[in-house]
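Please read these notes with the sequence and the model side by side. They go from charges and overall form to the aromatic rings.

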Amino acid sequence: MGKADVTYASYLDLGRILGAQHAVSGAHDEMLFIIVHQASELWLKLCIHELTAARDCLIADDLRPAFKMLARVARAQGQLIQSWDVLSTMTPHDYSQVRPHLGGSSGFQSAQYRMMEFLMGGRNPNMATMHEPVPEVAAELRAELGRRSIYGEAVALLARRGLAIPDEILARDHDRTWTFAEEVEAAWAAIYRDPEAHWDLYELAEKLVDLEYHFQRWRFGHLKTVERIIGFKRGTGGTPGVPYLAGVLKQAFFPELLSVRTAL
């Protein structure tokens, strides 16, 4: 297609996007349910795009573009958070008309959510296993488990900048969730105590804190929306529902960036 033939609809491929809502229940609110989840997947795609590029910037010690990317992810997370406000207009009766048609499908199965979680450092290899029926998706998730998370690269950057990070921390297995280390907390504390001497690292720390803050707000919104609509029923994907979401809410991606506030 030549440039003169490009239209708003063709450039955005609106025919396929707007034709991708296939309601099966006959319930009025199923359109809401589908669109909120589809839109969330698009925002997650943008977040993954930005986080992947930001990590490359950390590896290259090129922090200024990374700051823009991380700030954009935080704004996109704001859109994800607001989506719960829209979905929460669905009442228990509305959802009861849709739920029987969902089968075993569940947001728990979102590969993009899992990829974003992996990028940030929340890692459990078993979470890639559930995607084995789609080999290319499982392969992408396993490839991500073989790399440092964005936080792992931030800590590696601290070491390259001369802060005291032991080799055994830098050599950690990448496929496990990041666990607290006193030495990492001490490195961040040195930055927070003298931000003028480490200004870009100080800004990086705050950008990461903002990222986790918004992610936890998204998780909390998910919990409260599920609680409001289905109460304490089990999730369609077999999870315990609200209790599972409450447990996930306690998991921190960047533990030293939270604990350092107490240590200062």
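1. In counting charges, Lys and Arg are positive and Asp and Glu negative, while His and the chain ends are not counted. Each charge is placed at NZ of Lys, CZ of Arg, CG of Asp or CD of Glu. The protein chain has 28 positive and 33 negative charges, and the mean positions of the two sets are 3 Å apart.

2. A word on the basis of these notes. This is a predicted model, in which local features need pLDDT of at least 70 and side-chain atom pairs count only at pLDDT 80 or more, while totals for chains, interfaces and linings use all residues. Residues are numbered from 1 along each chain as its sequence is written, and side-chain values use heavy atoms, with hydrogens and water left out.

3. The protein chain contains 14 helices and zero strands. Here helices (H or I, at least four residues) and strands (E, at least two) are DSSP runs, numbered from the N terminus.

4. What radius of gyration does the protein chain have? The value is 20 Å, which agrees with the figure near 18 Å for a compact globule of 264 residues. The radius is taken over C-alpha atoms, and the globule rule is 2.2 Å times the number of residues to the power 0.38. Along the principal axes, the C-alpha atoms fill a box of roughly 60 × 55 × 35 Å.

5. Of the 264 residues in the protein chain, 43% are buried. Buried means under 20% relative accessible area, exposed over 50%, and partly exposed in between, with a 1.4 Å probe and protein chains only. Among contacts (heavy atoms within 4.5 Å) with a separation of 6 or more, 71% join residues 24 or more positions apart.

6. Two rings of Phe, Tyr or Trp (its six-membered ring) pair if their centres lie within 6.5 Å; planes under 30 degrees apart count as stacked, over 60 as edge-to-face and the rest as tilted. By this rule there are twelve aromatic pairs. One of them is the tilted pair of Tyr113 and Phe215, at 5.8 Å centre to centre with 35° between the planes. Tyr113 lies in helix α6 (residues 111-120) and Phe215 in helix α12 (residues 199-230), so this pair links distant parts of the chain, 102 residues apart. Tyr113 is buried at 12% relative accessible area, and Phe215 is buried at 3%.

7. Phe253 and Phe254 form a tilted pair because their ring centres are 6.2 Å apart and their planes are at 50°. Phe253 is buried, at 3% relative accessible area, as is Phe254, at 1%. Ring pairs join these residues into a cluster that includes Trp84, Tyr113, Phe215 and Trp218.
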